[in-house]
Amino acid sequence: MAKTKIVVVGAGYAGVFGTKFLSKKLKKNPDVEITLIDRHSYQTMMTELHEVAGGRVEPEAIQYDLQRLFCRRKNVNIVTDNVTNIDKEKKVVFTENGEYPFDYVMLGMGGEPNDFGTPGVKENGFTLWSMEDAIRLREHIEVTVKAAALEADEAKRRAMLTFVVCGSGFTGIEMVGELVDQKEIIAKKNKLSPDEITIKVVEAAPTILNMLDRYDADIAERYLVKKGVEIIKASPIVEVGAEEITLKNGDTIPTHTLIWTAGVQANSDAKAFEMESARANRLVANEFLQAKGYEDKGIYVVGDLVYYEETPNTPTPQIVQAAEGTGHYAAENIVAEINGTDKKPYKGNYQGFMVSIGAKYGVACLFDKIHLSGAMSIIMKHIVNLKYFFDIRSGHYMFQYIMHEFFHVKDERNVLRGHSSRNSNVLWSVPLRIFYGLTWLIEAMHKIVGNGEWLKPSTWFGEGSWFTNAVAFPFPWLQEATTGASAAGDGAEATAEVAHQAFGLSYAYGNEPMMVFDHMPKWFESVMKFMMPNQEVALFFQKFMSVFEVLLALAIIFGLFTWLANGVTIALVATFCLSGMFYWVNMWFIPVAFALMNGSGRALGLDKWVQPWVQRKLSKWWYGDIKSRYGQAK
C-alpha cells in the first residue's frame with residue numbers, strides 16, 4: 001500500500017506547530033510520511049530578532065535546530081532546501097535540489113518586508129525579517145557608531161549617530177526599545193556621550209502601535225518620549241538615501257541608519273505557485289484553510305501567507321497567535337481527511353497583544369480587559385514564549401531560552417536587571433568547594449572510623465562506627481532492638497549521640513547546640529518506618545550512607561558533577577533535620593551548597609572536562625548529528 005505523503009513547506013511558527021500536531025496524531029499510522037522543508041536547518045524565533053539586532057543576545061539564542069525540535073519523531077523527515085514551485089495537478093513540490101510528491105501540502109512560507117515601492121529602501125534601508133537581516137543590522141550599528149566616534153565633521157557625526165525606525169508596529173517599537181537599552185552601552189564602549197545618539201520613530205499614521213488598545217499605546221508612547229525617543233507621526237517616508245531620508249512634507253532627516261518595519265507581505269516566492277492572491281500577495285483560502293480553487297488537491301495555506309477573512313474585509317492577522325492557530329487547524333483538517341472525519345472551520349483565538357520596549361519594560365493587553373505595563377508585561381511575554389516551547393514539547397530549547405534570557409545576558413539587559421546574569425569567575429569558589437567537601441568527608445569518616453585510629457585503617461569499621469550495631473538508632477521503633485542503646489543512653493540522649501557521630505562538628509561550640517527538630521514529624525516517621533522497618537535494613541542504610549557520603553565528598557572536592565552533588569547534600573541535610581539529627585549551627589551547609597551550584601567544578605575541577613564530554617555524548621545519543629543541511633530529494 002502506497003504511503004500517504006504530507007509535505008510542509010516552511011519551518012516558521014505555523015509550519016513547526018502544524019508538523020508537531022501531524023506527527024503526534026499520526027504517529028501510530030505507519031502509512032503516513034511527513035516531510036518538512038525549509039531553506040534553513042533551523043527555526044528562527046521571529047519575534048525576538050530585535051534582540052539579536054540590538055546586541056542583547058547572540059544569534060544562536062533564537063535559532064532552534066529542526067532535528068532537536070523533532071527529535072525522535074520517526075515519521076518526520078527534515079529537508080534543507082529552497083522550494084521553487086508546485087505542480088498542483090500532479091501534486092509535486094519542486095525544490096532547487098529535488099522534488100517531493102504529496103497527497104497533502106501545507107504552505108507556510110511566511111512573509112517578508114513590504115516597502116510599498118518606496119525608492120531607496122532596498123538599496124539603503126535595513127529590514128528585520130530574518131536572521132541575516134538582524135546580524136547585518138547589528139554589525140552596521142556597531143561599525144557606524146565606532147566610525148562616528150572618530151568623525152571630525154559635526155554634521156556627519158550627528159547623522160551617523162541618528163537611528164531612524166520607520167513604522168510603529170510591534171517590530172518597529174521593539175527595535176526602538178533595543179536601541180534605547182543599547183544606547184548607553186555602545187556609547188560607553190566608543191567613548192561617547194549617550195546624549196549624542198538620537199533615536200527617531202517615523203510613522204505614516206497619526207498614532208502608533210495601532211494593534212494595541214489606545215490606553216496601552218499611549219503608555220508606551222509616554223515611556224518612549226521619557227527615554228528621549230522622538231516620535232514623528234503622520235509623516236510617510238517617500239525616499240531613502242544613503243545619508244538621509246525624505247518625508248512626504250519635504251522635510252529631510254540626515255541619517256545613515258533607516259530601519260524599515262513599515263509593513264509585511266506574503267513571501268514573494270509564492271508568486272511562482274500561480275494561485276489566487278489578495279492584499280499583500282497573500283494566498284486566498286477558504287474557512288478550512290484550503291487554497292481557493294484547489295480544495296480537492298490537498299493544498300492548505302497557513303501563517304503569514306494565508307488570506308482568510310474571519311470577518312468581512314478583516315483577514316487573519318500576521319501575528320504569532322494566528323500562525324500557530326492556522327498551522328494547528330490546517331494540520332487538524334489534514335488528519336480529518338486522512339481519517340475520514342469532518343473538517344473544522346478556522347476560528348481565531350487571540351488572547352491579547354504585548355510589545356516589549358527593551359528588556360525591562362513593555363505594555364500588554366490580555367483578553368481585552370487586563371492591562372499590564374512595565375516589568376509585569378515583560379514577565380508575561382517570557383511566559384508566553386515558554387508556553388510555545390511547552391506546546392511544541394521542546395524542553396531543550398525551553399531551558400536554553402531561560403539561560404539566554406535570564407542567566408547569560410550581559411549588561412543587565414533582562415527583566416531582573418542583571419541580578420540573575422552576573423557571570424562571575426567561579427575560580428573564587430574553589431576554596432569554598434574544597435572546604436565544604438572536606439567537611440562532608442570528615443563527618444562521613446567519623447561514621448566509618450568510629451573508636452578506631454584515623455591513620456590505621458585496620459582499626460576502622462569497629463566499635464562506635466556505623467558498620468556495627470553498637471550505635472543507637474534515633475528512630476523510636478528501632479531503639480529497643482538496638483544493643484548499643486543503653487551504652488549511648490536512651491531516648492533523647494541516644495538521638496543526641498547519633499547526631500553527634502553524624503555531625504560531630506556541632507559540639508565544637510562548647511554548649512550543646514539546639515537541634516532543628518527535637519523529634520521527627522509524624523509524616524516523616526511513617527516514611528522512615530516504610531524504608532527501615534527493622535534493624536537489619538537500618539544497618540544497611542547506615543553503611544550505605546557512610547560510603548555514599550564519602551563518595552559525595554570526594555566528588556565535591558575534585559569538582560565532579562558539582563551541581564548534582566551539592567544538590568544532593570541539600571537533600572541530605574533536609575533529611576537529617578527531619579530525622580532529629582542536625583543542629584541549627586550547621587545550617588550553613590544549605591546556603592553553601594546553593595552557592596557551589598554555580599558551576600564551581602568548572603575551575604580546577606573535573607567538571608571542566610567531564611561536563612562538556614557528557615553533554616556532547618548525551619546530545620549525540622538523543623538528537624543525533626546536528627547538521628547544516630537535512631534530507632535529500634526523493
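## Pockets, cavities and one helix

The second largest pocket holds about 1,200 Å³ of space. It is lined by 30 residues, and those closest to its centre are Phe399, Met403, His408, Arg602 and Gln615. The elements that give two or more residues to this lining are α11 (395-407), α18 (562-578) and α20 (607-623). Helix α20 gives the most, with 8 residues. By class, the pocket lining has 10 nonpolar, 15 polar and 5 charged residues. The model behind these values is predicted.

There are also closed spaces. The structure holds 3 cavities of 30 Å³ or more. Two of them are set out here.

| Cavity | Volume | Element giving the most to the lining | Lining by class |
|---|---|---|---|
| Largest cavity | about 70 Å³ | α10 (residues 375-391), 4 residues | 3 nonpolar, 4 polar, 4 charged residues |
| Second largest cavity | about 50 Å³ | α7 (residues 170-189), 4 residues | 6 nonpolar, 1 polar, 1 charged residues |

The lining of the largest cavity includes Glu48, Glu51, Arg56 and Lys381. Ser356, Gly358, His382 and Asn385 are also among its lining residues. The second largest cavity is lined by Ile141, Phe163, Leu179, Gln182, Lys183, Ile186, Ile197 and Ile199.

Helix α19 spans residues 589-596, and its buried residues are Phe589, Val592, Ala593 and Leu596. These residues cover an arc of only 100 degrees around the axis, so they sit on the same side of α19. What do the buried residues of α19 pack against? They pack against α12 (430-449) and α18. Helix α18 also gives two or more residues to the lining of the second largest pocket.

Key: Residues numbered from 1 in each chain as written. Predicted model: local features only at pLDDT ≥ 70, side-chain atom pairs only at ≥ 80, totals over all residues. Heavy atoms only, no water. 1 Å grid on protein atoms, 1.4 Å probe; cavity = no way out; pocket = protein on both sides within 12 Å on 5 of 7 lines; lining within 4 Å. Points joined across faces, edges and corners; volume = space filled by probe spheres on them. Nonpolar A, V, L, I, M, F, W, Y, C, P; charged D, E, K, R; others polar. Buried < 20%, exposed > 50% of the residue type's maximum accessible area, 1.4 Å probe, protein only. Arc of directions from axis to C-beta. Contact = heavy atoms within 4.5 Å.
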